[in-house]
Structure formats: C-alpha cells, structure tokens
Amino acid sequence: MDEKNLKLCESDYRFMTVIWENEPIQSGKLVEICKEKLGWKKPTTYTTLKKMSEKGFAQNVDTVVTSLIAKEDVQVFASEHFVNHTFEGSLPKFLVAFFGGKKISEDEAEELKRLIDQHKESEG
C-alpha cells in the first residue's frame, strides 16, 4: 500500500482500533462492539467496514474481519505527517511544544535517551 494512503480520519481510526484489538472477529460481534464503544448502528459499521476494505485496511472473509495494515504502520505515518506538517519536520521543536513546561519522570527520561541512542545515525 502506498504510504500516502495510510492516513485515517478520527472515526476510521477508532473503527480500525476496534478491529486491531479484537481480530480475528466475526462481523456480527464487530457490530456489537461498535455499538457499545462507538455508538454506531449496524449500517454504519458495515458501511465503514466496506470503505476500509476498499482502501485495503481490513478484509471481511466468510464473516471474519481482520486487518490488512498494522496499527503501528498507521501510527508511524500519522506521527511523521504531524511532525512534518506542524513542526517543519523538527523533532526537537515538537518535543518542546509537547512538553510545554511539563516534567517527566526519571524512568521516562531514561527511556527517551535509550530510544534516541537506538535511532541515532551512525557516524562513519
């Protein structure tokens, strides 16, 4: 799937989250969960499922619904798009805005340092 097609609106992302958290799931059970969690009626669920299937995000085979795209892939695309669009691609600018004067725990700081070290470009 082309990366530009990994963008989901809020309601489609919430729908896909239901699938990701419950797959493989019978389509009837999906309708029940969408009614409970999203307040959707049966036709809304099936219309959205059809749309997500046409876009290549999900499939419904013999009434069993599964995802075709990993949640992590959608999250990576959305976060990169957000940082690029809002902060000119600057991760430091994003972090300054994100923290906004908030403090993080020592454990969170260590985890961020570890992640940065894992993703540093090699020098040589």
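**Figure 1. The hairpin of E2 and E3 in the predicted model.** Two residues lie between the strands of this hairpin. One residue to look at is Asp62, found in the loop between E2 and E3. Phi of Asp62 is positive, near 55°, and the residue is not a glycine. Most residues other than glycine have a negative phi. Is Asp62 buried or exposed? Asp62 counts as exposed because its relative accessibility is 69%, and the cut-off for exposed is over 50%.

**Figure 2. Pairing of strands E2 and E3.** Strand E2 covers residues 58–61 and runs antiparallel to E3. Four bridges join the two strands. One of the bridge partners is shown by Gln59, which is matched with Thr66 in E3.

**Figure 3. Pairing of strands E1 and E3.** Strand E1 (residues 25–26) pairs with strand E3 (residues 64–67) over two bridges. The sense of this pairing is antiparallel. Gln26 has Val64 in E3 as its bridge partner.

**Figure 4. The cis peptide bond between Glu23 and Pro24.** Omega of the bond that joins Glu23 and Pro24 is about -10°. Pro24 sits in the loop between H1 and E1. Most peptide bonds are trans.

**Figure 5. Packing of helix H1 against helix H2.** Helix H1 spans residues 10–22 and helix H2 spans residues 27–38. Their axes are 11 Å apart and the angle between H1 and H2 is about 125°. At that angle H1 is oblique to H2. The crossing of H1 and H2 is right-handed. Which residues of H1 meet H2? On the H1 side they are Arg14, Phe15, Val18, Ile19, Glu21 and Asn22. On the H2 side, the residues met are Leu30, Ile33, Cys34, Lys37 and Leu38. By class, the residues of the contact of H1 with H2 are seven nonpolar, one polar and three charged.

**Figure 6. Packing of helix H1 against helix H4.** The angle between H1 and H4 is about 150°, with the axes 11 Å apart. H1 and H4 are therefore roughly antiparallel to each other, as angles over 145 degrees count as roughly antiparallel. From H1, the residues Tyr13, Thr17 and Trp20 meet Lys71, Val74 and Gln75 of H4. This contact of H1 with H4 divides into three nonpolar residues, two polar and one charged.

**Figure 7. Packing of helix H4 against helix H5.** Helix H4 is made of residues 71–87 and helix H5 of residues 91–99. The axes of H4 and H5 are 9 Å apart, at an angle of about 90°. This angle makes H4 roughly perpendicular to H5. Phe82, Val83 and Phe87 in H4 are in contact with Leu91, Lys93, Phe94 and Ala97 in H5. Six residues of the contact of H4 with H5 are nonpolar and one is charged, with no polar residue.

**Figure 8. Glu88 in the loop between H4 and H5.** Phi of Glu88 is positive, about 50°, although the residue is not a glycine. How does Glu88 stand with respect to solvent access, buried or exposed? Glu88 is exposed because its relative accessible area is 60%.

Note on methods:
Residues are numbered from 1 along each chain as its sequence is written. This is a predicted model: local features need pLDDT of at least 70, side-chain atom pairs count only at pLDDT 80 or more; totals for chains, interfaces and linings use all residues. Side-chain values use heavy atoms; hydrogens and water are left out. Axes are lines fitted to C-alpha atoms, for helices over the stretch in contact, and angles run from 0 to 180 degrees between N-to-C directions. Angles under 35 degrees count as roughly parallel, over 145 as roughly antiparallel, 65 to 115 as roughly perpendicular and the rest as oblique. A crossing is left-handed if the near helix is turned anticlockwise from the far one by less than a right angle, and right-handed if clockwise. Contact means heavy atoms within 4.5 Å. Ala, Val, Leu, Ile, Met, Phe, Trp, Tyr, Cys and Pro count as nonpolar, Asp, Glu, Lys and Arg as charged, and the others, Gly among them, as polar. Two strands pair if DSSP finds at least two bridges between them. Buried means under 20% relative accessible area, exposed over 50%, partly exposed in between (1.4 Å probe, protein chains only).
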